[in-house]
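Here is a walk through one protein model, written for someone who would rather look at side chains than at tables of angles. Have the viewer open and follow along.

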Amino acid sequence: MFNNIFLIKFLTFLGLIGISLLFYSILKVPDPMQKVQLTEADTKTEEKVKLTEAENKTDVYSVWGLPSEEVSNRVKKLMNGLRSEFGGAQFEPHVTVVGAIKLSEEEARDKFRKGCGEVKKVYSGTVEKVDVGTFFYQCVYLLLHPTTEVVEASARCCRSFGYNSSSPYMPHMSLLYADLTDEEKKKAQEKAYILDESIDNMSFQITRLALYKTDTEDKSLESWEKIEEYNLSAN
């Protein structure tokens, strides 16, 4: 009799343990739907963070005035001749319209489009002479006549960017970016006239404006890239 009661109690105890383990295992098994929901929520959060970071990321941008293909090819030939002797990175012939300014890409695109709307029409430039400057990005360049047309185009675009230069606008088309001595700059200046004798009589039209990413710390220019381009109206 005593043995039977003990056996019943023992079996009851084992049953309680089994039921407890069953409930525990059920509670520990993750709900697959809950896992999917958590994964989706995490993904959306990561996407929002990345989007916010992209929106807040700033880079250096500039606006360039681009000449016609014919003029561009002529200037490229001159630039190539100078680089073959004096070195330097390769870049597209251009007249700087808005100097380096730090913005997010969205801000830069928006201001660029507004600036293009202010300039609107093709405008002309005329070379005054081959000149040299005092720093890397103005090593050797074509100095342009600061006509009302040229200066006003830059001023209108600069206003759209909220860009204020510390010095008066000097319209120019760079031929060589390099760190040269004064003697080397003089030789490069003379070489430019040898390569293209009539370059200081060149007149041309700015037919397009382009927004460029131009990290001024990157003298290799490898990170420089065109972001957007606008065709100016001929009428």
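Leaving out residues up to four places away in sequence, T214 touches V60, Y61, S62, W64 and W224, where contact means heavy atoms within 4.5 Å. You'll find T214 in the loop between β6 and β7; helices (H or I, at least four residues) and strands (E, at least two) are DSSP runs, numbered from the N terminus. With a relative accessibility of 2%, T214 counts as buried; the cut-offs are under 20% relative accessible area for buried, over 50% for exposed, and partly exposed in between, using a 1.4 Å probe and protein chains only. The T214 side chain also makes a polar contact with the side chain of S62, at 2.8 Å. A polar contact here is a pair of N or O atoms within 3.5 Å; within protein, one must be able to donate a hydrogen and the other to accept it, and residues adjacent in sequence count only if both atoms are side-chain atoms.

A word on the source: this is a predicted model, in which local features need pLDDT of at least 70 and side-chain atom pairs count only at pLDDT 80 or more, while totals for chains, interfaces and linings use all residues. Residues are numbered from 1 along each chain as its sequence is written, and side-chain values use heavy atoms, with hydrogens and water left out.

Now for the rings. The structure holds 8 aromatic pairs; rings of Phe, Tyr and Trp (its six-membered ring) pair if their centres lie within 6.5 Å, and planes under 30 degrees apart count as stacked, over 60 as edge-to-face and the rest as tilted. Two of these pairs are set out below.

| Pair | Ring centres | Plane angle | Type |
|---|---|---|---|
| F136 and Y137 | 4.8 Å | 85° | edge-to-face |
| Y177 and W224 | 6.2 Å | 65° | edge-to-face |

The Y177 and W224 pair links distant parts of the chain: Y177 is in the loop between β5 and α6, W224 is in the loop between β6 and β7, and 47 residues separate them. Y177 is buried at 4% relative accessible area, and W224 counts as buried at 14%. F136 and Y137 are buried too. Ring pairs join W64, F91, F136, Y137, Y177, Y212 and W224 into a cluster.

E92 touches two members of that cluster, W64 and Y212, along with S72 and K76, again not counting residues up to four places away in sequence. E92 sits in the loop between α3 and β2 and is partly exposed, at 34% relative accessibility. Its side chain makes a polar contact with the side chain of K76 at 3.5 Å.

What about helix α3 itself? Its 18 residues, 69-86, should span 26 Å at 1.5 Å a residue (times one less than the number of residues), and the end C-alpha atoms are 25 Å apart, which agrees. Its buried residues are V71, S72, V75, L78, M79, G81, L82, R83 and F86, and they pack against β1, β5, α6 and β6. After α3 comes G87, with a positive phi near 80°.

Finally, the axes of helices α4 (residues 105-119) and α5 (residues 148-161) come within 8 Å and cross at roughly 145°. Axes are lines fitted to C-alpha atoms, for helices over the stretch in contact, with angles from 0 to 180 degrees between N-to-C directions. On the α4 side, the contact includes A108, K111 and F112; on the α5 side, it includes A153, R156 and C157.
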